[in-house]
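Visitor: I am new to this structure and would like to learn how to read it. Where should we begin?

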Amino acid sequence: MTRECAALLPGVCAALADPRQPGLDDTCLEKLLDWFRSLTWFDPTVELVQDNPCLTEFITSVLALQDPSPSILSFTLQLAGILASSESRFQHLQQEKLLGRLFGQEGPRGGAAWEDASVRSAWLKAVHSTLHHQPALHFLCSTGGMDVIFTLQGDPSLFVASAARQLLVHMLTFSLESETPKALSTKDCDWPVCAQMIVKHIQESLQSSSASHMEQSLKLLSSLFGSCFGSCYAAWTEVLWLDIAKQIESFLLEETVQAQPLLANLLLNVARSPVFCGTEGSFWALVTSALEHLTPVQAGPLAVGLLKLCKCPQDVRIQALTVLLQPMDCILRAASQPLECAGLLDESVSDPGTVESLLSSKTSCAGLLCQTLAHLEKLLSLKHLRVDLPCVSLLRSLMTILQFCNGFLSPASPLGSTISRNLINCFRVQKSALDVLAALSEKKDCDTLIGSLFDVLLAYLQSPNTNPTVLKKTFQATSKWLVHLQELSCSNSQWQETEKILEDVFVVLQKRLCSPCWEVRDSSLEFLTAMVKCLRDQKELRQCLLSSEVLRLTENLLEDPESYVRASAVTAVGHLALVTCFAPDPPVIGNQYNKENIVAKLQEILSTDSEGFPRRAVISIFTKWLREGCTGQLEDTEQFVSRVIQIVERDLDWEVRLGGLELVEVFCSQTICQLSQCPYAPVSSAVTSSTPQKELLQVFCRAKLFGFLFGSLCDCDKPVGQRACDVLLGLRAHFYPMSTLENPQEIEDSPAGRGIAWLQRTLRQGSLAQNFPMDGGNGVDFQDPESMMLALGAIDLLELHDELNKSSDHVEESPQSLLQDILATVGTMEDNEVDCY
């Protein structure tokens with residue numbers, strides 16, 4: 001602690017302990033606690049409390065108050081816990097007889113303040129802070145603290161209950177750090193005292209007639225096995241599991257037990273422990289039993305968790321997959337009577353009647369299907385799934401669900417009719433099914449159903465009853481399957497089927513682009529963009545595109561009243577231009593869709609659109625065009641970039657200006673590659689004065705890049721300044737590859753030296769430099785190659801880079817400043833000196 005802070009601390013402690021003073025903001029108290037944490041972390045000695053007696057005096061004063069405020073009492077408890085985190089300071093506080101008054105029976109836990117949840121939470125946090133040495137553990141066990149923590153597991157405040165569980169996990173783990181079990185037997189293995197108390201409490205609670213006590217212990221066990229205890233204390237983990245396994249098994253068999261939903265999470269956390277890596281043993285038999293006896297809703301999370309484990313036995317893994325597929329199997333079997341195709345499963349894990357009952361109920365049908373579909377989507381996203389999914393049957397089941405939801409399927413079976421009525425227009429299930437459908441497009445086994453699949457997707461795209469969000473999901477699934485269809489066409493020569501599907505899609509797209517609902521227009525444009533990105537080299541796409549009204553309708557949407565739609569239209573037009581205007585053999589499509597016309601329209605949007613989204617989209621498209629070499633020869637590109645940055649540098653949206661800098665960076669990189677002798681290597685010092693270098697500088701100056709870049713260094717939005725500095729550092733590395741920067745004295749004596757010196761001073765002001773002149777004022781000519789070469793060599797861009805990358809609170813956020821703020825807030829500081837950092 002600095003001398004200045006030590007001088008301020010007594011005044012702060014006195015102010016905090018004074019009940020007449022106004023309460024401090026909780027943020028200030030948290031910052032104060034953070035400061036003490038850092039002090040005690042680096043210095044575990046007792047000197048902190050001995051040299052600053054005001055700390056113990058403060059704790060004593062607060063404890064003497066008749067009715068301290070909850071915030072001050074909470075602060076005091078946590079401060080004491082932080083101070084007691086080292087054994088020497090703990091002993092000091094015990095000698096001062098403070099620990100019993102804070103954490104013992106005579107402490108806050110027996111008073112009215114205990115009714116406040118923040119005080120109970122602070123007490124738990126404080127106890128947690130002390131538990132870094134054995135004396136603290138012994139103190140807690142001997143003063144009745146364990147019973148308090150056990151009780152707080154059932155606290156009405158979820159934050160308090162969770163903190164109590166985490167504290168017990170920490171205590172059990174900490175108490176075992178210096179212990180090793182003599183044998184893996186509950187008879188011969190003696191738990192340490194604290195651990196024994198916790199284990200005994202767990203066992204008694206599990207056998208209790210109180211449902212809440214059982215639930216608390218199951219949650220505690222889940223936290224224990226899910227923490228480092230389960231992975232670092234393998235022997236003790238097995239001992240604990242042997243103690244409770246019989247009771248857990250009995251819970252699974254007792255259908256009336258309310259705690260059954262917690263069993264799945266507990267078993268999954270136990271399964272993750274290294275103790276149960278083997279394929280043999282009673283544990284996996286219990287997991288199998290759980291998959292059979294838990295309801296489908298309860299067993300689902302356990303099943304998907306097991307399938308993610310690499311060490312799960314294969315028979316258990318297959319059983320877990322069967323649990324997840326049961327609802328999908330039921331859907332498939334209910335769709336037709338008699339069954340026209342095989343279901344997903346040969347046999348069920350649990351009674352199929354349970355799943356049928358849930359799907360027959362209006363209240364549970366959608367919930368079960370959404371959960372199942374979410375789990376299946378997770379599995380499909382895994383790179384290595386150690387079981388084979390029946391993809392064809394799964395796809396058929398998904399199509400059935402989607403047809404049930406839009407009423408396009410009339411099943412003959414009574415069960416199918418009931419499920420269909422439950423699912424009609426169910427948006428939740430539709431969205432979930434479409435997500436899984438999109439994920440299945442990555443699989444290679446579903447080709448036989450592709451025609452039927454597109455019939456279902458097109459039905460959703462065409463239906464006026466399709467919800468806008470569901471329509472967006474349908475578009476996303478359709479684009480994924482169109483990519484799959486393209487790959488299939490390339491290998492199987494199914495060009496005619498592909499062309500027919502694309503034609504149908506474009507007919508629907510034309511209609512949707514004219515929708516009165518802006519969300520529909522927006523998602524239609526996003527779909528069009530995604531389609532062009534993936535299929536732009538496919539001749540069928542170009543034919544369908546040019547024979548439809550999509551190009552004209554998309555261009556019309558550049559003037560849509562909704563800014564989101566205008567932005568999506570800009571992106572779509574930009575990608576369409578890669579097919580129509582910038583293709584190696586651009587098709588003849590009419591004067592209205594030529595390159596010059598499109599560029600002019602987008603530049604007009606960049607100049608005049610009142611909303612930021614379309615302007616950001618324009619600068620993003622221009623950068624994409626530049627990356628792909630669509631802007632012509634070097635002279636054309638130079639003029640294009642120059643026009644764009646002259647518009648962008650005046651834009652009020654910092655993201656547009658940032659996009660302009662990205663455009664400049666791409667332009668610089670491409671120009672250097674075109675004009676330098678070796679495109680990918682820095683130029684050696686021997687050729688820094690060569691013709692390519694001079695030509696480079698001339699191109700950059702004609703394009704007016706340097707005025708934009710140096711001006712951006714003073715931008716009031718830091719990301720803009722940072723990006724500009726990165727670009728300039730890249731240019732300097734090219735022109736000065738060996739870091740042979742110009743001699744400052746030589747620069748000062750040069751004709752442009754005065755202007756460069758002014759520029760250096762201005763840049764040091766950063767965003768405070770108002771109205772940065774980019775027109776050659778103050779002797780700086782940003783379009784003069786020689787001056788800009790000198791500027792790159794003389795200005796300390798690395799120093800500017802460091803300044804721009806400092807956090808916004810670097811100016812003053814010291815402990816001294818915090819203490820001064822607190823004193824100023826409570827009015828005990830002369831002249832009200834306050835530093836509001």
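Guide: Begin with the chain as a whole: it has 837 residues, and 53% of them count as buried. Keep in mind that this is a predicted model.

Visitor: How many helices and how many strands does the chain have?

Guide: There are 43 helices and zero strands. As for contacts with a separation of 6 or more, 71% of them are between residues 24 or more positions apart.

Visitor: How do I read a single helix, say helix 25?

Guide: Start with its length. Helix 25 covers residues 450–462, which is 13 residues, and spans 18 Å from its first C-alpha to its last, close to the 18 Å expected at 1.5 Å a residue.

Visitor: Which residues of helix 25 are buried?

Guide: The buried ones are Ile450, Leu453, Phe454, Val456, Leu457, Leu458, Ala459, Tyr460 and Leu461. When you look at such a list, a general point helps: an α-helix has 3.6 residues a turn, so residues three or four places apart point the same way.

Visitor: Next, salt bridges. How many are counted?

Guide: The count comes to 20 salt bridges. To read one, look at the distance between the charged groups, then at where the two partners sit, then at their accessibility. Arg616 and Glu655 form a salt bridge whose closest N and O atoms are 3.6 Å apart. This pair links distant parts of the chain, with Arg616 in helix 33 (residues 612–627) and Glu655 in helix 35 (residues 654–675), 39 residues apart. Arg616 is partly exposed at 26% relative accessibility, and Glu655 is partly exposed at 35%.

Visitor: Where are the two partners in the salt bridge of Asp717 and Arg657?

Guide: The side chains of Asp717 and Arg657 meet at 3.0 Å, N to O. Asp717 is in the loop between helix 37 (705–712) and helix 38 (718–735), while Arg657 is in helix 35, 60 residues apart from it.

Visitor: Is Arg657 buried or exposed?

Guide: Arg657 has a relative accessibility of 7%, so it counts as buried, the cut-off being under 20%. Its partner Asp717 has 24% and is partly exposed.

Visitor: What does the salt bridge of Glu665 and Arg723 tie together?

Guide: The side chains of Glu665 and Arg723 meet at 2.9 Å, N to O. Glu665 lies in helix 35 and Arg723 in helix 38, so this salt bridge ties together parts that are 58 residues apart in sequence. Glu665 is partly exposed at 30% relative accessibility, and Arg723 is partly exposed at 25%.

Visitor: Which residues are linked in a network of salt bridges?

Guide: Arg536, Lys624 and Glu628 are linked in such a network.

Visitor: How many disulfides does the structure hold?

Guide: It holds zero disulfides. As for cysteines themselves, Cys28 is buried at 18% relative accessibility, and Cys701 is buried at 1%.

Visitor: How do I read the surroundings of one residue, say Asp609?

Guide: Place the residue, check its accessibility, then list its partners. Asp609 is in the loop between helix 32 (595–608) and helix 33. Asp609 counts as buried at 13% relative accessibility. Its side chain makes a polar contact of 2.8 Å with the side chain of Arg566. Leaving out residues up to four places away in sequence, Asp609 touches Arg566, Glu604, Pro614 and Arg615.

Visitor: How many aromatic pairs are counted?

Guide: The count is 17 aromatic pairs. To read a pair, take the distance between ring centres and the angle between planes. The rings of Phe700 and Phe706 have centres 6.5 Å apart and planes at 75°, so this pair is edge-to-face. Phe700 is buried at 0% relative accessibility, and Phe706 is buried at 1%. Phe667, Phe700, Phe706, Phe710 and Phe782 form one aromatic cluster.

Visitor: What should I look for in the backbone angles?

Guide: Look for a positive phi in a residue that is not a glycine. Lys97 has a phi near 60°. Lys97 is in the loop between helix 6 (87–95) and helix 7 (99–103), and is exposed at 64% relative accessibility.

Visitor: Where is Lys704 found?

Guide: Lys704 is in the loop between helix 36 (691–702) and helix 37. Lys704 also has a positive phi, about 60°, although it is not a glycine. At 34% relative accessibility, Lys704 is partly exposed.

Technical notes. Residues numbered from 1 in each chain as written. Predicted model: local features only at pLDDT ≥ 70, side-chain atom pairs only at ≥ 80, totals over all residues. Heavy atoms only, no water. Helix = DSSP H or I, 4+ residues; strand = E, 2+ residues; numbered from the N terminus. Expected span 1.5 Å × (residues − 1). Buried < 20%, exposed > 50% of the residue type's maximum accessible area, 1.4 Å probe, protein only. Salt bridge = Lys/Arg side-chain N within 4 Å of Asp/Glu carboxyl O. Disulfide = S-S within 2.5 Å. Polar contact = N/O pair within 3.5 Å; in protein donor to acceptor, adjacent residues only side chain to side chain. Contact = heavy atoms within 4.5 Å. Phe/Tyr/Trp six-rings, centres within 6.5 Å; stacked < 30°, edge-to-face > 60°.
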